Amino acid sequence: MLAGCAAPLLAGGEIDELPFYSVPGDRHFERTPSYLDDDDHFRYGSLGGERGYKGQVGFGLPYWIWVALPELFPEYLPDRKPGQGYAAFGYTYEMDGDRRFQLPIGTSQRNSLTLDRVWINCGACHTGTWRDSPQGERHVVLGMPANRYNQGEWVRFLFAAASDARFDGEHLVRKIRELEKERRTVPQNRLAGPKLPGELNPIEEQIYKRAVVPLMKQRLLFLKDRLAFIHFDTWGPGRVDTFNAPKALLNFPMHLAPESEKRGNADLPSVWYQKGREGMQLHWDGNNTSVQERNLSASFAATSPPLIDKCSLRRMARFLRTLAPPPFPPARIDRALAARGEPLYNAHCGACHGAAVPPFRRNGNVGKLVGTVMPLKAIGTDRWRFDSYTPELVRAQNGIYAGYPLANSRECPDDPGSKDYPARFTHFRKTDGYANSPLDGIWLRAPYLHNGSVPTLRALLEPAADRPKTFWTGYDVYDFDDVGFVTQGPEAEAEGWPYDTSLPANGNGGHEYGTKLTHEEKDALLEYLKTF
Amino acid sequence: MNARRIVLATALMLGLPLVASAGSLGAGSILPDKLGRAMDGKPQPDEITGDPRENFLYGSIGGENEAGLPYWILAVLPRIFPEYLPGPGGYASLGLPWEEGKEFPAGFSKKTVFFPRVGFNCALCHSTQYRTEPGATPVVVAAGGSNTADIQGLLEFFSKAANDPKFNADNILREIDGSYPLRFRDRLLYRFVLVPITRKRLAEQGRQFAWTADRPRWGPGRDAPMNLTKFNFLEMKLDDSVDHTDFPSIWHLAAREQKGRTFEEGKPVGSHTMLMNLDGATTSFRSVLIDSALGLGGRNTPFFNARIPQLLDWLRELRPPPYPLPINLEMAARGAAVYETHCADCHTSGKDNHMGTVIPIEEIGTDAERLDTWRGTGAAKLANEKVASMGFKRTPMIERDGYIAVQLDGIWLRAPYLHNGSVPTLRDLLSPAAERPRAFCRGWDVIDRENVGFISDARVDPRCAENYPPAEPGTWDRPGKPGRSDEWPLPRVWKYYVSEQGNGNGGHEYGTALSNQEKDDLIEYLKTL
């Protein structure tokens, strides 16, 4: 955030010679931790969005503000309980320890102009968890939809905090001092995870007080205003409104837009086997056939064109090309029953949903239509997400990444083709329905349909009228019989979020395929789907 | 049409001529070669120049030096000034035909002349779009008359932005910083040169267009070609005329050459002499094209002089697209006979007939405002002098006493009809003037299968019904009602009222006495043209 004012001072006349894309470690005035393993990079690697760029303050919250906010404003947390960091929003803290100071999966750090800033990366929305019982170990799965992550609530928290009069230099720096003192008393093993930034020195404290906090407040309030038309409170865990954010980015006059385009709430998707998805119609409505553009577009939650760390993003993308979902616990699959389900799958599902693993499109009927769009009238599922992606946005998006690749763009290490990356969006299209997605790892992709309106695969095989009308999402104990997460019962209610299918954009109709199978056939089909 | 483009010429004079006096070199002078080449800048990429259609839609006609906006200012303006656009979508909200995947709408040409700029070309007003059903992706057709583009809205957007204090280097650079890392020297260029000059030019342009404010609005698909020429290009004294005119198609110019024509106003004439402009104010394709391009900033440079014959050759042979929906051939065959009897004498190309000649206003009876805007004002003479002074030799403009009978190729895609777009469908045109709609919506691109034209009535939106309680005439009516993206992509409508000055829907009562069956057959036949 300081980049805007300080960069010219530090850089002198050389300012335009700063490399725009950092290869870890080579950018002056800037450091971001680099990780040896690709999976750690996916968890904690930076996409570049933390930093600012000249007139743009950037996204990143300075680390100590990140730490202080839940402690200073517990009343805005969903459970109103301080001391848990951001866990209440469904952020996954991998290491046992003191969550006030640790950083969860899906966050990254970058030190830019001496300021340590924190923001999210791909891992925030694409890392999920499951347990086999309430007491069981929590399995963290990279590339899985972040089934507990309530980003809408998190954004609302940040905006509420920024709107509070106590979000000022005085209050925050006082809180930060307290927390620094407390962190000294925390044993090292309770601070495990990515290496954390150090304490502020007195000069930095003054900079925080006078510049960083006010600028951050201003930035958050600006975003609050820009994003005001988005219904963050309707997202719930595991869902985001994907294509209304770019409308805010492009500053559309949304008060002139019809309500029907303002709720694009969509379930977070899995991001496994990206190589096998190349050329398919991606996103729920199939609006883009380029994995590369899909990645760049998705990264807008975490970065923006002049800030993007392209080498880092490409490393994550490479990692996802072959990343596979974990298998359903083998002991819990009835192999004989699953074998009976296979012909049923091929007869009733295979044409649209393809094979279990890449290549999803095989010879014959299997996968004939996978990765293509089914017209809305035929699929019949809730239309809000479809309507949120407007023909006007298709066109305005074509200006994003205009001017790229940059003239001085460089190749990333061991990454042929990165010199011409990123480039202007050219693949977005308005489609006429929703896309047929491959079903790899489908057991971990509950709840189902694009808006997450059907809790389990068993419920999806029921006619829409018989599917659950209300249930609880965001609880990660697994339901091995119905295939999906547990969505009813006291524990689910305590941890989960009430999903009401009668609310706008939450409709659970449509996709009535397979609903006429016999009970035995459904059992067999479900068993077979566990093998995906 | 001279003037039509000139229209825009002026209209879009946003530019920053690096060679300040280039546009006003003395009478008869030709730009020195070197200077001309400098003004032509770097050639556009092959994927544009190598394909005639792409080149028409996105290629330069040489106006960037005189009338091009600095690329990054054009790119970020909609993000800084959304309040001056009719709805969400940036430039897309103005209904400009815009192919998916393309950076800009048709008619925007990006070219580097010392620095990247975006100028405008013929396609801004001469490319159209249609859909066979509401949810379909619009098909963009080069050289059709744009029926959806709100060009007045585009001009006003620029001038309102320029008059807003937010139009300053800090805001513009901050917005660019959100999209692209300008190099240091380019930041300086934008901060100290391009932003201030662009602002000044756009504001100036806004003042030149002030006369449009107290006349009926153009609405989608129209401009004011003759008044743009008079008030902007020639700087004539304002009068109270209104000449709002539908953008014409400019495909298949060859069909307009009446080879072997033996008479025109009693005099024998050779080929290549069909009258252009809707009132016949020009007799040469080349003249029209030059005058129009001047309006968009074209100047007498090597590039421009090479581009004119290129464009003419391509437009001469370009065919309109065939009607994209099924046609009842039996009815069409019967309709052909009706056409022969009632329409062919004025509308069939290649015959020794009245096509391409002026039908006196007393006879045709359509709204005379457009004609009176030009006739008797002396503008033709002034325009000829001015164009000559810019170094062009061309067939001069003239004044006539009526409207010309035009060929009907691709007529299904040229709605609404008559020179002012006052009749929404062919079926309405075959009704007596008294029975034609008094109000309807323009700017919608879905084919009206029954009536031929674009759907323009309550099927689009209840507000489009003739009797819907009136909004204020001539403005975008946008209460922000719910719309679905596959039904009504723009949650607003633009309603056309025939009661406004220049919008009259009278005249051309040919064929109105036919039986219903004959009309059905004729309409079916017209789809085949």
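Select β1, β3 and β2 of chain B, in that order: these three strands form an open sheet with antiparallel pairing. Strands, like helices, are DSSP runs numbered from the N terminus (strands E, at least two residues; helices H or I, at least four), and two strands pair if DSSP finds at least two bridges between them. At the edges stand β1 and β2 of chain B, each with a single partner strand, so one side of each has no neighbour in the sheet.

The model is predicted: local features need pLDDT of at least 70, side-chain atom pairs count only at pLDDT 80 or more, and totals for chains, interfaces and linings use all residues. Residues are numbered from 1 along each chain as its sequence is written, chains are lettered from A and ligands numbered from 1 in the order in which they are written, and side-chain values use heavy atoms, with hydrogens and water left out.

**The chain B sheet in detail**

Remain on strand β3 (residues 115-120) of chain B. Five of its six residues are buried, so the strand is largely enclosed by the rest of the structure; buried means under 20% relative accessible area, exposed over 50%, and partly exposed in between (1.4 Å probe, protein chains only). On one pairing, strand β1 (residues 69-70) of chain B joins β3(B) in the antiparallel sense over two bridges, with B:Leu69 opposite B:Val118. On the other, strand β2 (residues 108-113) of chain B is antiparallel to β3(B) over six bridges, and B:Phe108 stands opposite B:Phe120. Next select B:Phe114, in the turn of the hairpin formed by β2(B) and β3(B): one residue lies between the two strands, and B:Phe114 has a positive phi of about 70 degrees.

**The chain A sheet**

Move to chain A and display β1, β3, β4 and β2, the order in which four strands form an open sheet with antiparallel pairing. The edge strands are β1 (30-31) and β2 (61-62) of chain A, each of which pairs on one side only. Between strand β3 (residues 107-112) and strand β4 (residues 115-120) of chain A, which run antiparallel, there are six bridges. To see one of the partnerships, select A:Thr107 and its bridge partner in β4(A), A:Ile120.

**The nonpolar cores**

The largest nonpolar core has 245 residues; those touching the most other members are A:Leu69, A:Trp154, A:Phe167, B:Phe56, B:Tyr91, B:Phe158 and B:Tyr190. A nonpolar core is a set of buried Ala, Val, Leu, Ile, Met, Phe, Trp, Tyr and Cys residues joined through side-chain atoms within 4.5 Å. Centre the view on A:Leu69. Leaving aside neighbours within four places in sequence, its contacts (heavy atoms within 4.5 Å) are A:Leu61, A:Tyr86, A:Phe157, A:Leu158, A:Ala161, A:Phe167 and A:Leu172. A second, separate core of seven residues includes B:Trp444, B:Val446, B:Val460 and B:Val493.

**Salt bridges**

Over all chains, a search of the whole structure finds 56 salt bridges, each a side-chain nitrogen of Lys or Arg within 4 Å of a carboxyl oxygen of Asp or Glu. Select A:Arg131 and A:Asp476, which form a salt bridge with the closest N and O atoms 2.7 Å apart. A:Arg131 lies in the loop between β5 (127-130) and β6 (139-142) of chain A, and A:Asp476 in the loop between β11 (470-473) and β12 (478-479) of chain A, so the pair ties together parts that are 345 residues apart in sequence. Both A:Arg131 and A:Asp476 are buried. Add A:Arg138, A:Arg148 and A:Glu495 to display the network of salt bridges in which these two residues are linked.

For a pair that crosses between chains, select B:Glu103 and A:Arg424, whose closest N and O atoms are 3.7 Å apart in a salt bridge. B:Glu103 is in the loop between α6 (71-80) and β2 of chain B, and A:Arg424 in the loop between α15 (391-397) and β10 (433-435) of chain A. Both B:Glu103 and A:Arg424 are buried.

**Two helices of chain B**

Finally, select helix α11 (residues 285-295) of chain B: ten of its eleven residues are buried, so the helix is largely enclosed by the rest of the structure. Just after α11(B), B:Gly297 takes a positive phi of about 100 degrees. Then turn to helix α9 (residues 184-208) of chain B, where B:Val193 lies. B:Val193 counts as partly exposed because its relative accessibility is 33%.
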